[in-house]
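Let's take a walk through this structure together, going from helix packing to pockets and on to one buried side chain. Have the sequence and the 3D view open as you read.

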Amino acid sequence: MGLFDQVVGALNNPNQQANPGQLSGILDTVQQLAGGQVGSAANTQKLMSVVGSYVRSSLQDKRRQGGQDLVEDLIDQFAGTSPSMAALQSLFSQEEQQHLAEDASQKTGINAATVQAMLPVLVPLVLNFLKTGSSSQGVSRSAQPNSVLGAFLDSDGDGDVDMGDALSMASQFMRQG
């Protein structure tokens, strides 16, 4: 099942944290970026795809090193719609941040310094999106694993997991509801 299918499933599952308000907050922040520094919805989608890919890689490394609980703890701690340097630094070294910004710049045409300045907003957004699959309070992680995070991290590399596409589908879904 695809990443967005997992988000829709989480929205419909009272034992998971996903709710329309959370998804709207993420999408509103992404839309503000599109209207501001990024310039277009297409560029925003490309940018979120690049950032999502780097976040996935970092979280996969963290899971290999410290286990699933470490990854879920990072998401619980740093997911949000507000800028967070701590979130960015928890996933990426300064060198990795620079590489991410340069890669995103090449793929979007957005100045690398602008991308670098946006990373403290973008990384918490991706983590917040992943948090939609977390267990509601009172339900243990082992009894209710984060299905959205699982779909995101267990990608087989075939391109099915793309943060930009998932956010675009989420936006369409929210307009229908």
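Start with a pocket that two helices share: H3 and H6 each supply at least two residues of the lining of the second largest pocket. Please keep in mind that you are looking at a predicted model. The biggest share of this lining comes from H3, which gives six residues. If you would like to find the spot on screen, select Tyr54, Ser57, Ser58, Asp61, Lys62, Gln65, Leu91, Phe92, Glu96 and His99, which line the second largest pocket. Sorted by class, that lining holds three nonpolar, four polar and three charged residues. The volume of the second largest pocket comes to about 160 Å³.

How do the two helices sit against one another? Two packed helices are described by the angle between their axes and the distance between the axes. For H3 (residues 41–66) and H6 (residues 94–108), the angle is about 150° and the axes are 9 Å apart. The crossing of H3 past H6 is right-handed. On the H3 side, the contact is made by Asn43, Lys46, Leu47, Val50, Val51 and Tyr54, and these meet His99, Leu100, Asp103, Ala104, Lys107 and Thr108 in H6. By class, the contact of H3 with H6 has six nonpolar, three polar and three charged residues. Tyr54 and His99 belong to this contact, and both also appear in the lining of the second largest pocket.

Now step back for the overall plan. The protein has nine helices and zero strands, so a ribbon view following the sequence reads α-α-α-α-α-α-α-α-α. Of its 177 residues, 47% count as buried. Among contacts with a separation of 6 or more, 74% are between residues 24 or more positions apart.

A second helix pair is worth a visit. The axes of H7 (residues 112–131) and H9 (residues 163–176) come within 12 Å and cross at roughly 65°, and H7 passes H9 in a left-handed crossing. Here Val126, Phe129 and Leu130 in H7 meet Met163, Ala166, Leu167 and Ala170 in H9. What classes of residue make up the contact of H7 with H9? There are seven nonpolar, no polar and no charged residues.

H9 leads us on to the largest pocket, which has a volume of about 400 Å³. Of the 18 residues that line the largest pocket, the closest to its centre are Leu27, Val30, Leu167, Ser171 and Arg175. Leu167 is thus a familiar name, as it is also one of the H9 residues that meet H7. Helix H2 (20–35), H3 and H9 each supply at least two residues of the lining of the largest pocket, and H9 gives the most, with seven residues. By class, this lining has eight nonpolar, eight polar and two charged residues.

Let's finish with a single residue, Glu72, which lies in helix H4 (residues 68–78). Is Glu72 buried or exposed? Its relative accessible area is 7%, so Glu72 is buried, since that term covers values under 20%. Leaving aside residues up to four places away in sequence, Glu72 touches Arg141, Asn146 and Leu149.

Note on methods
Residues are numbered from 1 along each chain as its sequence is written. This is a predicted model: local features need pLDDT of at least 70, side-chain atom pairs count only at pLDDT 80 or more; totals for chains, interfaces and linings use all residues. Side-chain values use heavy atoms; hydrogens and water are left out. Axes are lines fitted to C-alpha atoms, for helices over the stretch in contact, and angles run from 0 to 180 degrees between N-to-C directions. Helices (H or I, at least four residues) and strands (E, at least two) are DSSP runs, numbered from the N terminus. A crossing is left-handed if the near helix is turned anticlockwise from the far one by less than a right angle, and right-handed if clockwise. Contact means heavy atoms within 4.5 Å. Ala, Val, Leu, Ile, Met, Phe, Trp, Tyr, Cys and Pro count as nonpolar, Asp, Glu, Lys and Arg as charged, and the others, Gly among them, as polar. On a 1 Å grid over the protein atoms alone, a cavity is a set of points where a 1.4 Å probe fits but cannot get out, and a pocket is an open set with protein on both sides within 12 Å along at least five of seven lines; lining residues have an atom within 4 Å of a point. Grid points are joined across faces, edges and corners, and a volume is the space filled by probe spheres set on the points. Buried means under 20% relative accessible area, exposed over 50%, partly exposed in between (1.4 Å probe, protein chains only).
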